[in-house]
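Work through the exercises below with the coordinates open. Each task is followed by a solution in steps.

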Amino acid sequence: MRSGRTTGRLAAALAVREAAEAAAAGEPLPDVTRAEAVLAALQSLSTCAAAVERWDPVRSRHETLASSGYVADALAAMESAFHEDPLFPAVRASGRPLRVCDIAPADRRGPMFERVITPLRYVDGVSLCLSAGGRYVGSLHASTASEGVDDEAVGWLRLLRADLASLVDPLGGQVPVVPGDGGVLAWAPADGRLLALTPCAHPSLVAGPLAALLHPSAWPSRLGRHLLVLRGAELTAVEARPAGRWVVVEHRPGEAPAGLSLRELEVLCGLAEGETNRMVARSLGVTERTVATHVEHLLAKLGAGNRAAAAAFAVGAGLVRLPA
């Protein structure tokens, strides 16, 4: 016969699955609704305290989405120090729940023990790191004051890990792993929501004239779009690709095609915009003769027979000039 505790956990599991399926289907579930579903699931594990933490990649710390039972100091420790705990790398890499009772006594140290478990006299507890599409998105914590975390609870967390992660992830698990050597943004064109996924992300990229160019309606194909953005003396490679209802925008320092100089790129932008040598010279503050020399050089580097061919190359490369 199924116990009342198991029945409660099953009900909580079904609620998590329903919420995760709704999020995956694109339903606009508020963050508070997602977090409450996850917190209710943790509370079904017969714990006296529970917390749902989301990772903020820009601030490099966690933020509490929902909690019950933990005092403010304990939550502050989870937010600022859990990722610095000596056990964090192993918990994150394994993707499995870790109970306090399964940690060797010699390894029971670090900020989670020093600031949460020991001072608050918790008997046992469990932590789980969550990832979605290869991205670390947050963690779950639950503690007990009078009994241990049972094996059924650990197995339950393992089975629901993907659903729990999709609810903690602000992107609903729709955005795959992102590279670590550039800026990455997640943008929802439908409502303008914008999330930085790496510390060096520049949200300003999807503001102003670039927003229209990066919108899916302006893509040359459903696979996305590549732009080479020239702004002042900076050249930035920008890639937009679909991820469910989101658009992933990646950016990193760009490399000039065909070895063109910065000035030649500026002249090429003018050609692509249909400007005459006189118009280009006026905008750059140089003479027409200088522009003509730059045109001659860039045609040779591109292997283009005329200005029209050079302009077509610029369009194909996604070259865009923005005001400095």
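**Exercise 1: the sheet**

In this predicted model, six strands make up an open sheet with mixed pairing, ordered E7-E6-E10-E9-E8-E11. Determine which strands stand at the edges.

Solution. Step 1: look for strands with a single partner strand; these are E7 (193-196) and E11 (319-322). Step 2: each of the two therefore has one side without a neighbour in the sheet. Step 3: for the twist, ignore direction; neighbouring strands are turned by 25° against each other on average.

**Exercise 2: one strand pair and a helix across the sheet**

Find the sense in which E9 and E10 pair, and how many bridges they share.

Solution. Step 1: E9 covers residues 234-243 and E10 covers residues 246-253. Step 2: their pairing is antiparallel, over eight bridges. Step 3: as a check on the register, Ala237 is found opposite Arg252 in E10. Step 4: add helix H8 (residues 262-272), which lies across E8 (225-231), E9 and E11. H8 runs at about 95° to E11.

**Exercise 3: two packed helices**

Describe how H10 (residues 288-302) packs with H11 (residues 307-316).

Solution. Step 1: two packed helices are described by the angle between their axes and the distance between the axes. Step 2: for H10 and H11 the angle is about 65° and the axes are 10 Å apart. Step 3: H10 is therefore roughly perpendicular to H11. Step 4: the handedness of their crossing is left-handed. Step 5: list the contacts; H10 contributes Val295, Leu298, Leu299 and Leu302, and these meet Arg307, Ala310 and Phe313 of H11. Step 6: sorted by class, this contact has six nonpolar residues, one charged residue and no polar ones.

Technical notes
Residues are numbered from 1 along each chain as its sequence is written. This is a predicted model: local features need pLDDT of at least 70, side-chain atom pairs count only at pLDDT 80 or more; totals for chains, interfaces and linings use all residues. Side-chain values use heavy atoms; hydrogens and water are left out. Axes are lines fitted to C-alpha atoms, for helices over the stretch in contact, and angles run from 0 to 180 degrees between N-to-C directions. Helices (H or I, at least four residues) and strands (E, at least two) are DSSP runs, numbered from the N terminus. Angles under 35 degrees count as roughly parallel, over 145 as roughly antiparallel, 65 to 115 as roughly perpendicular and the rest as oblique. A crossing is left-handed if the near helix is turned anticlockwise from the far one by less than a right angle, and right-handed if clockwise. Contact means heavy atoms within 4.5 Å. Ala, Val, Leu, Ile, Met, Phe, Trp, Tyr, Cys and Pro count as nonpolar, Asp, Glu, Lys and Arg as charged, and the others, Gly among them, as polar. Two strands pair if DSSP finds at least two bridges between them.
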